[in-house]
Structures are given as C-alpha cells and as structure tokens.
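Please read this report with the sequence and the 3D view side by side. It goes from the overall build to single residues.

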Amino acid sequence: MTPSGKLASLPCGRRSKWVVLALWLILVVVAGPLAGKLMDAEDNEASSWLPGSAESTQVLNEQRTFQPVDTAQAVVVYQRTSGITPADRAAAERDAVQFATVPHVTGKPVGPQLSADGQAMQTVVPVAVGSTGWNDLRAAVDDMRAIAADGADGMVTHVTGPAGIGADQAAAFAGIDGTLLFATIAVVVILLLLTYRSPTLWLLPLLSAGVALFVAQAVIYLLAEHAGLTVNAQSAGILIVLVLGAGTDYALLITARYREELRRHQDRHEAMAFALHRAGPAILASSATVVASMLCLLIAEMNSTRGLGPVCAIGVLVALAAMLTLLPALLVICGRWVFWPVKPAFGTAEPTSTGRWAHVGGWIGRRPRKVWIATSLALGVCCIGLVSLNASGLSTAGTFTDKPDSVAGQEVLVAHFPGGTGAPLTVISNTVPAEAVRVAAATTPGISATTPVVVHGDLATFQAVLADPPDSQAAKDTVDRVRASVHAVPDADAKVGGSTAIVLDAGRAASADNRAIIPLVLGVVLVILALLLRAVVGPLVLVATVVLSYAATMGISAFVFEHVFHFDGQDNAFPLFVFVFLVALGIDYNIFLMTRVREEATHRGTRAGAVAGLAATGGVITSAGLILASTFAVLGTLPVVGFAEIGFAVALGVLLDTLVVRSVLVTALTIDLDRHMWWPSALSRAGRPLDPAPRPGLDAV
C-alpha cells in the first residue's frame, strides 16, 4: 500500500471513514448528558478563585471553626435624604425580622443602625454560601431586596456588602454558557458562509466543532467530579469560545488544503490523505503550542488561573481530535458536491497562486526591508499606549459594565457610614493572646472600630472595621499595617482576612503569576518552533514578532479602555490571560505560514517560498483570524468588565496578528533574511533549493 493509501485508511479510508463517524456518534450519545451537568460541577466559592497559600484564604478556611458554613454579609441600606423618621425605623425593624426567615440566611440580622447624619440606616444580614456558591447569595439577596422595597414609603433601599456584590456577579454570569454558545455559533455561521460562499460547506466545520465542545465539556465534568479539577464560571465560559474558535480555525486549514489537493487528485480519499499529511504537522504543532502554554498555568498561585489551564488544554485536545478525524471523514463522505457552487475539479488551476495574497507577497518581495522596518515602527508607536495600562485590579463599581444595585448601595453606604462598613476585616488568632491581638488591630491607623473577641476552642476571632472604602488603596494599605501589628503579638499566630485582604492577596498572586508564567510560555513556544522548523534564527524572529504584537495590542487596548470605554482599570490577571491566549493562538498563524513557507522553500528557495507560502495560506489565515477574533469578541456581550476587556484585547490581537504581523511583518522578515532564516539547518546552507522539482499549480507565483 502506498503512503497515501496508508493515510487514507485512517480517518478518510473508503471503509474506515464510516467507523470514525460511528465512533464519534457514540461519543456524542455518551457525552451529551454529561456535558449538560458541567454547570452543576462549577465551584464559584471564593476559595476556588484565590491563591491557596494566601493569608486571606487561610482565614476563610479557619472561619469554619466558628461557623460550619461559609457566610457572606449582606448590608441592607435605607436612605431618606430629608432624614429618617420613626416610621422608617419601625419599617426597617420589621424588615429585619423578615430577613431572618429568608432561605440561606444564617444567624440573627444586626440592625437597623442609624447613620450619624440621620439620613440612612443599615442592617447587616449573614447569608450562608452553600455548595452552589454565589447562586445561593443571589436567591437570598433577591428576597431581601423585595422585602426592603415593600413598604419603604419613599425610602431608597439597596442590598450591598459582599453578599450583595456576589449576588450581582451571579446575575451577570447567569446563563453565561448559553449566551456565549449561541452568540459564538451565530458568529461562526455568518463568517463561514462569507468564507466558503457555500450554503452547505459551513455545516461540517460547525458540526465538528460542536461535537468537540460537547465531548470536552463531558470530559471536564468527569474530571471535576472525580479527579478534583476546579472549574468555575470563568473557565467554563472561556472553554466555549476557545473550542469553537480554535476548532473552526483547524477546520479552515484542513478544508483549504483538501480543496487544494482535490485539484491535484482525482480520488477524494487520496486528496484528503495528502491534505492531512501536509497540513497535519502544522495543526499538531499549533495545538501542542496552545496546550503547552495552557498547562504552564498550572504553576499559578491563583486557583482560578491554575484551574483554567487544564480546562482549556482539554478543550483544545478534543477539538484537535475532532478536526483531524471527524471532519475529514465527513468531508470525504460528502464528496466534492459539498463545495457547491464552486466545486474544485480535478486538473483546474489553484486560484491562490494568482490571488490577492500572491500580489501582496510580490509587493512585499520588492522592498522587504522597508516593509518590515515600517511595520515594526508602526507597531512600536502602538506600544506607547502601555503607559495607560492600569492592571492593579478593579474596584467594586469597576467590575460591572453597568451599575447594579450593590454598587449603588455601596455608594450610599460610603456616604453615610465609615468607609469599611459592611466589609470588615476578619482576624483569627490563638485564644490566649486574642485580646492583645484585638488591641493591636484597634490601635492601627485606618481601623475605626473592632468587635468583641469570640472564642471557640483554641481559636479566637473578631472583626475590624476599616475607616476607608474597602476597595480603596488606603484600605489595602491598612490591611498591611494590621497584619504587621497582629503578627507582632507573641504566640498569637494571627491572620487577617476579609474582602479587602482577599483583593490584596489576589492582586499580589496575579503579579507573581505574571512574572513566572510569561517567560515560561515564551520558552515553551520557542522550543516548539525550533523543533518544528529545525532552526534557531527563525523561531527567535517569530517569538520577537509575537512579543511586539502583544505589546502593541496591550497599548491600543489600554488607550481604548481609558479614553473610549472609560473603564476604571484592568483586572490583575488581565495581562497574563491576554498574553497566554495571544501567544498560544497567535503563534498558530506563524506555524501555519512558516511550515508552508519551509515546504515551498525546499522546492524554490526561501524568497520565492515566502511569497508562495503567503499566497497559499494568506486567505485561510485571514478567515481563521476573523473567526477566532469574532468568537473572543463575543465575551464583550457579558456585563462584566474583566470579560469584556479580555474579549476586546484578544480579538484585537488576533486581527493584528492575522492582517499585519503574520501576513506582512513575518513575510518581509523571511524574504529579507532569506536562507539565514533556517539556520543552522541544511536549508540555510543550500545555495539553491534542496528539491528543485516543480510544484503543480504553484510555479506561477
């Protein structure tokens, strides 16, 4: 059997294609019910997002000694700017009694407490955070908002505090999977129709990507239930976008190469075998880069970041398997008619050899050095926007794209009560020196009051009210001062937690993750490129273009966020997430282009090979980039600033990679460096092509 016959006997053989299809149908039947359970397996409790070794996380865990279930405080705020009346106080007291009967409320509500200016009241209600995380908060807070609003008689009422904010976050993420799924599918369908200009062909890539998503969700659900894999709303949402986007990218490359080979081979099975043989290594290297980059997240301190890595890696691996087996089987089963109305007939000329990208390549080839210098300078100018980057974390108000009730309530609370009311620090220590710990905390600048010490066995706890708003830098500075004070108490083993401490610890962990993971990902990408291209110079050049593209993307994004969208800043993890996605996915286009350039260079030399490679891949890379960028842009439909920023930046970066960096900058650099691009491989030492045999349909380039 010929080599092509052996390849065809796998996903595209005359009989084995039906076996492949049957196996995937069985997987879908098994995976369907499991995929639907993934949302139930999500862990959205605070500890699943935080760095496991952080002091605030340890406080969360030790608080269970005093209360078996995790709790979050809801602060019900009443405001009447003309002054609270006795009738208002009576209404708030009746509300407090009703709050105690709300499901998930644990303990007795405290209040109502009148503000010093007499214009507001607050009642603090502890809410249990059960196994479903913030969804329990949402149900309880909705009930409290209804109770407070009923009979308010002109008073303005809000529910804020950690529980109110958590409930609004739950509402923002409600239906995230369905929203992202349907929005992403709609985007993919439209772009595939525009790309293929066929009323039928788009169904096969989309079907294959959908199957990959269901199977990936099922695998992740099983690992979450039985292997301790952490999945939260963030990772589950990104999984949908990544699998559909990356899967469709792989489908475009395979379909484009298959259509090219159909013009050279009369038998469609043989054409698919050659297509897989030629495009397969690039797709495998591309997916290996994404998977390896995602697995680098396993060293992260942040639990949410560490959990995202394997979730995305599994999604990409399943997408790869589907696109290398299911999609080829479907394409071969359907035959040439699926390309209607422009079916690739055997013996016809390959249109890419004289198409738009062939002309672009010819233009670049006439002045490569001027082109790459000018392009690099333009990208460098875009990097200036980095001065606007403020990835120090988002305030409570800055978390949402709109203004939910909890944010409005927080503003009222800050206007009438001490800044940290409703979100106090929690201090836990050993029992014997507990009073000394409380005094140390109470006398620390930035603390307005402390509660009495509560003792349970060998541990004691109390709360310290911050004088400043809990999400302010002043409050974070107070956390450091309190920690220094209580840590100095002998034999106390004191720890400081609470919402402000959580934000502080998360920010520091994210900064440490940035410093550790970004260089690691670059190293992994460099090694994979060196192995794939069998060179050193080329991979170094490609990694440099990736870094420049990333910096330009961040610069443009930071400028737009500040001056167009008017966001308060960026989440601490924003630089890392954008970097990992852009490098892992952006390097895909480098791989797709350069593997084809290397293939062509062995026949015609590097300069002509670069032009031919761009002509052959420019169209499909552009289409793939548009689809991937559009799928990530769907994240902007969510009312959460962190998601909107990641979606915008990744979409912008992918477009920049596709339209400028890969197609123009990399091509110009390759032509200018010529054979030195492949140093130290044999191709760099060849004065002429290693294999001067003509390539059918490409010599016209």
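## Overall build

Buried residues account for 58% of the protein's 701 residues. The model is predicted. Its secondary structure consists of 23 helices and nine strands. The radius of gyration is 29 Å, close to the 27 Å from the globule rule for 701 residues, so the protein is as compact as a globular protein of that length. Along the principal axes, the C-alpha atoms fill a box of roughly 90 × 50 × 50 Å.

How much of the contact network joins residues at least 24 apart? Take the contacts between residues at least 6 apart in sequence: 80% of them join residues at least 24 apart.

The surface comes next. About 26800 Å² of the protein is exposed. Carbon and sulfur atoms supply 64% of that area. The protein has 45 positive and 51 negative charges, and the mean positions of the two sets are 18 Å apart.

## The nonpolar cores

The largest nonpolar core holds 157 residues. Which of its residues touch the most other members? They are M272, I283, M294, F581, M594 and F632. M294 gives a view of the packing. Leaving aside residues up to four places away in sequence, M294 touches L242, G309, C312, A313, V580 and F581. A second core is separate and has 24 residues, among them V102, V105, A148 and V159.

## Backbone points to check

Most peptide bonds are trans, and most residues other than glycine have a negative phi. The residues in the table are worth a look against that background.

| Site | Feature | Value | Place |
|---|---|---|---|
| G111 and P112 | cis peptide bond | omega about 10° | P112 in strand β2 (residues 110-114) |
| W679 and P680 | cis peptide bond | omega about 10° | P680 in the loop between α22 (641-673) and α23 (682-685) |
| D153 | positive phi | near 55° | loop between α6 (134-149) and β4 (156-160) |
| D493 | positive phi | near 50° | loop between α17 (473-487) and β9 (495-497) |

Are the two aspartates in the table buried or exposed? D153 has a relative accessibility of 64%, so D153 counts as exposed. D493 has a relative accessibility of 51%. The cut-off for exposed is over 50%, so D493 counts as exposed.

## Four residues in their surroundings

Start with S115. It sits in the loop between β2 and β3 (120-129). S115 counts as buried because its relative accessibility is 4%, and buried means under 20%. Which residues does S115 touch, not counting those up to four places away in sequence? They are A120, H416 and F417. F417 is 302 residues from S115 along the chain, yet their C-alpha atoms are separated by 6.0 Å.

Next is Q58, in helix α4 (residues 55-62). Q58 has a relative accessible area of 29%, so this residue is partly exposed. Beyond residues up to four places away in sequence, Q58 touches S53 and K495. K495 belongs to the span of β9 (495-497). H226 lies 168 residues from Q58 along the chain, and the two C-alpha atoms are separated by 25 Å.

I518 is part of helix α18 (residues 499-533). Its contacts, again without residues up to four places away in sequence, are D513, L576 and F579. S681 is 163 residues from I518 along the chain. The C-alpha atoms of I518 and S681 are separated by 28 Å.

Last comes F643, in helix α22. At 6% relative accessibility, F643 counts as buried. A633 is ten residues from F643 in sequence, and the C-alpha atoms of the pair are 9.5 Å apart in space.

## Chain distance and space

Set two of these pairs side by side. S115 and F417 are 302 residues apart along the chain, with C-alpha atoms separated by 6.0 Å. Q58 and H226 are 168 residues apart along the chain, with C-alpha atoms separated by 25 Å. In the 3D view, S115 is the residue to pick for a contact with F417.

Definitions and conventions:
Residues numbered from 1 in each chain as written. Predicted model: local features only at pLDDT ≥ 70, side-chain atom pairs only at ≥ 80, totals over all residues. Heavy atoms only, no water. Helix = DSSP H or I, 4+ residues; strand = E, 2+ residues; numbered from the N terminus. Rg over C-alpha atoms; globule rule 2.2 N^0.38 Å. Buried < 20%, exposed > 50% of the residue type's maximum accessible area, 1.4 Å probe, protein only. Contact = heavy atoms within 4.5 Å. Areas by Shrake-Rupley, 256 points an atom, 1.4 Å probe, with all protein chains shown as cover. Lys, Arg positive; Asp, Glu negative; His and termini not counted. Charge placed at Lys NZ, Arg CZ, Asp CG, Glu CD. Core = buried A, V, L, I, M, F, W, Y, C linked by side-chain atoms within 4.5 Å.
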